[in-house]
Amino acid sequence: MDSLVPFLENAWGWATGSAFTFSMILSVLAVVAFISVWAMFAVWLERKASADFQVRLGPNRVGGRFGLLQTLADGLKLAFKEDLIPRDADKFLFAIAPAIAFCGAFAAFAVLPFTPAVNAVDINLGVFFVVAVTAIGVIGVLMAGWSSNNKWSLYGAMREAAQLISYEIPSALALMVPVLVTGSLNLKEIVGFQCLPSDGVLDHEGLIYFSNHGWLAFYSPWTFVAFIVYYIASLAECKRAPFDLPEAESELVSGFHTEYSGMRFSFFFLEEYGMMFIVSAVAALVFLGGWQPLPWVSLNMGGPIGNLFFLGVFLAKSVFLLWVQIWLRWTLPRMRVDQVMVMGYKYLIPISLVALLMMAVYEYWGVRYLPGLF
Amino acid sequence: MADSVSATTAPSKTLLFPGDPLRPPDTYVDVRTQELQINMGPQHPSTHGVLRLAIWVDGEIVTRADPDIGYLHRCAEKIGESVSCIQYVPYTDRYDYLAAMNNNLGYCLAVEKVAEVEVPERAQYIRTIAVELNRIASHLVAIGTYGLDLGAFTPFFYAFREREEILRLLEWICGARLTYNFIRIGGVMRDTPAGWIEDIRKFLDLFETRLDEFNDLLTHNHIFVGRTANVGVLSIEDAVRYGLTGPNLRGSGLRYDLRREQPYLLYDRFTFDIPVGTGIKGTVGDCWDRYWVRLLEMRESVRIVRQAIDQLPTGGEIMAKNVRHLAFKSKAGEGYLGIENPRGELGYYLISDGGANSYRSRIRAPSFCNLSILESMLPGTMLADAVAIIGSIDIVLGEVDR
């Protein structure tokens, strides 16, 4: 968007206001399209992967023998379903809750850089923005649980609130470790740090150059710890197994969205998959070098081809992290609510605090791996 | 929670909402939690059928639980009096529908006891094989759905994959997958088809390795152990007092198995162990122990089936001579016979006045007795543990309600 507005102003002579509005609408549409397509793909991947884990075949009829269009068919089915609002529900809250839940996941896409050149907005508070905005979703979930006037829904909502607030802390603390190293909250700059040329020459001529820093996950033991903590905490934030307590179907029927049907339900669905993408993408950007395919060896590419390549690499990393989420979900049983809290408060928060402190000490000493050795 | 605002001066626990005329005018309002009564079932994913539990919860802690049964009541015992003994056998399939062979067997043995029918040896071996295969299938459902209760989906499919093999074998011999009606009064419906025994052998070899797979996937999973060890601990005394039988009783450490205590069929000819809970992961009698006992019992069933196959006499009758006609009439008399169903002691008490129908047929259903422990086990546990406990008791509602 930052590049689109000046382009429209200069090349086509548009007024600033209309150029801004136009590029904003374009960005929003792009993000909506991306989330929808992404969710379709993610659901398909989840189905196929779970089928593989569970000695089944999975969808194999709609859209070729791999069932690629199964999700589209299901989405259409959801769209045509009756929009049911329970009689005793708080109708207003019930109606807007899915939208609010979706907002959080949706807004976070605004700051995600997909390649060096493609992102909706490039703000200096990227990491902070993502952490802050994704937390909005919990309000929607609470509203959904409360307004459904169903005790199981209320249970799900309460669990969700407790869980999200608990896991926000370790995930934010874990994200602070790379921020401490790079000295920036801008997602693009954090990626830039990971592919910073070793010799300090910023505009390399050749395609390949070496980068001393490497991916942040391997930058130092403490960034690695932070990566693991972030990944676990992000699982809890997406309500994914083994932390899927808010919608634990064997305990709470369906948790906070028990009463939802049709499109409103599918918004919760989109929110979940959107969130999954965001946490995977943030992990890929912050810890796994974003769009750079290899650690320590960086590529110097530009133009449409380079950006497409980088986009592919970035999406591949995100999909890999997403696949790990799916893998965990279909392997592990669900934890109990107190075990989840114990895990958050007794393990993840202290570990992330220690990682943050030790990273600060390391930075002060100017070491990366072991004091005195590297 | 929803109604968490109450007046502190309100008498006892009655809640006076703002605007309630009974509410004293000058009371300050504080926020406190309130016990919530929730209705679990009959359409709840983890009540294993149509069990309804009214539970009172304080936050996540269950303070009281009232099991409410009867949603699947089909007048089973009355039907037993109004149809002839032979006609009643298919009805027994419908009680514990996961272990229909065992139900057939229990009823037939009871009728044979009252009518003093001698069953040919080959039929007894075939009965043993069918019943033990059915026990494995039933336990597979029990532990598979137990994983499901705890949020582990995948083990369920692995369990059902093995169960499918058993269902194929049983379908082969009797044509039905769930309600077999295979064991008849005086013998079995038909002789073993060609190739059946060999296929069982192949299946058993495969199944033992698959059990190890299952252990890796679920049994020793850290989260699974965390969810089940030390949860729902049931002492031997309580288990005996509530009349629990089967894996639930053995999980508490009492080595009591009717196949050993009062051998029926040919169980005194086979060597097999009776696994009991030893508290490997936690306390003796916790959910994990009950689960573990079921898992070990499947291995013992495999041993029994192997021995039965090896000892199976070639040729010979499969039906007693004097019952091979529809006009079967029992001798007058009465008798009780209990067998070891996958869920515990399944007993049939029959009184016959010498006619085709039994004068009184009474069923002691293991699930029904096992279910009674819930009321005393659930209070004080968390909601998630309540689900774990219900799953570990492994009830079949068709049998509870009959």
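In this predicted model, two helices of chain B meet along a mixed set of side chains. From H5(B), the residues Thr154(B), Pro155(B), Tyr158(B), Glu162(B), Glu165(B), Leu169(B), Trp172(B) and Ile173(B) come into contact with H6(B). Their partners in H6(B) are Trp196(B), Asp199(B), Ile200(B), Phe203(B), Phe207(B), Arg210(B), Glu213(B), Phe214(B), Leu217(B) and Leu218(B). By residue type, this contact of H5(B) with H6(B) comprises 12 nonpolar, one polar and five charged residues. H5 covers residues 154-174 of chain B and H6 covers residues 196-219, and the two pack at an angle of about 170° with their axes 10 Å apart. Since angles over 145 degrees count as roughly antiparallel, H5(B) and H6(B) are therefore roughly antiparallel to each other.

The chain that carries this pair contains 15 helices and 10 strands. Chain B has a radius of gyration of 24 Å, close to the 21 Å that the globule rule gives for 402 residues, so it is as compact as a globular protein of that length. Its C-alpha trace spans about 90 × 50 × 35 Å along the principal axes. Buried residues make up 49% of the 402 in chain B. Among the contacts in chain B with a separation of 6 or more, 69% join residues 24 or more positions apart.

Chain A, for its part, holds 13 helices and two strands. A compact globule of 374 residues would have a radius of gyration near 21 Å, and the 22 Å of chain A agrees with this. Along its principal axes, the C-alpha trace of chain A spans about 65 × 55 × 45 Å. Of its 374 residues, 48% count as buried. Residues 24 or more positions apart provide 75% of the contacts in chain A with a separation of 6 or more.

Two helices of chain A illustrate how its segments are covered. Helix H11(A), residues 262-286, has 25 residues that at 1.5 Å a residue should span 36 Å, and its end C-alpha atoms are indeed 36 Å apart. H11(A) is mostly covered, with 22 of its 25 residues buried. H11 is also part of what covers the buried residues of H8(A), along with helix H5 (126-134) and H7 of chain A. In H8(A), residues 187-194, six of the eight residues are buried, so this helix is largely enclosed by the rest of the structure. The buried residues of H8(A) are Leu187(A), Lys188(A), Ile190(A), Val191(A), Phe193(A) and Gln194(A).

Turning to the place where the chains meet, 24 residues of chain A are in contact with 29 residues of chain B. Helices H7 (151-182), H10 (249-252) and H13 (337-365) of chain A each supply at least two residues of the side that touches chain B. The residues on this side of chain A divide into 12 nonpolar, four polar and eight charged.

Within chain A, Ile349(A) offers a closer look at one residue of helix H13. Ile349(A) has 19 C-beta neighbours inside 10 Å and so counts as partly exposed, the cut-off for a buried residue being 20 or more. Beyond its neighbours within four places in sequence, Ile349(A) is in contact with Ile169(A), Pro170(A), Leu173(A) and Gly344(A). Trp38(A) lies 311 residues from Ile349(A) in sequence, and their C-alpha atoms are 31 Å apart in space.

Notes: Residues are numbered from 1 along each chain as its sequence is written. Chains are lettered from A and ligands numbered from 1 in the order in which they are written. This is a predicted model: local features need pLDDT of at least 70, side-chain atom pairs count only at pLDDT 80 or more; totals for chains, interfaces and linings use all residues. Axes are lines fitted to C-alpha atoms, for helices over the stretch in contact, and angles run from 0 to 180 degrees between N-to-C directions. Helices (H or I, at least four residues) and strands (E, at least two) are DSSP runs, numbered from the N terminus. Angles under 35 degrees count as roughly parallel, over 145 as roughly antiparallel, 65 to 115 as roughly perpendicular and the rest as oblique. Two residues are in contact if their C-beta atoms, placed from the backbone, lie within 7 Å. Ala, Val, Leu, Ile, Met, Phe, Trp, Tyr, Cys and Pro count as nonpolar, Asp, Glu, Lys and Arg as charged, and the others, Gly among them, as polar. The expected span of a helix is 1.5 Å times one less than its number of residues. A residue is buried if 20 or more other C-beta atoms lie within 10 Å of its own, exposed if 12 or fewer, and partly exposed in between; C-beta atoms are placed from the backbone. The radius of gyration is taken over C-alpha atoms; the globule rule is 2.2 Å times the number of residues to the power 0.38.
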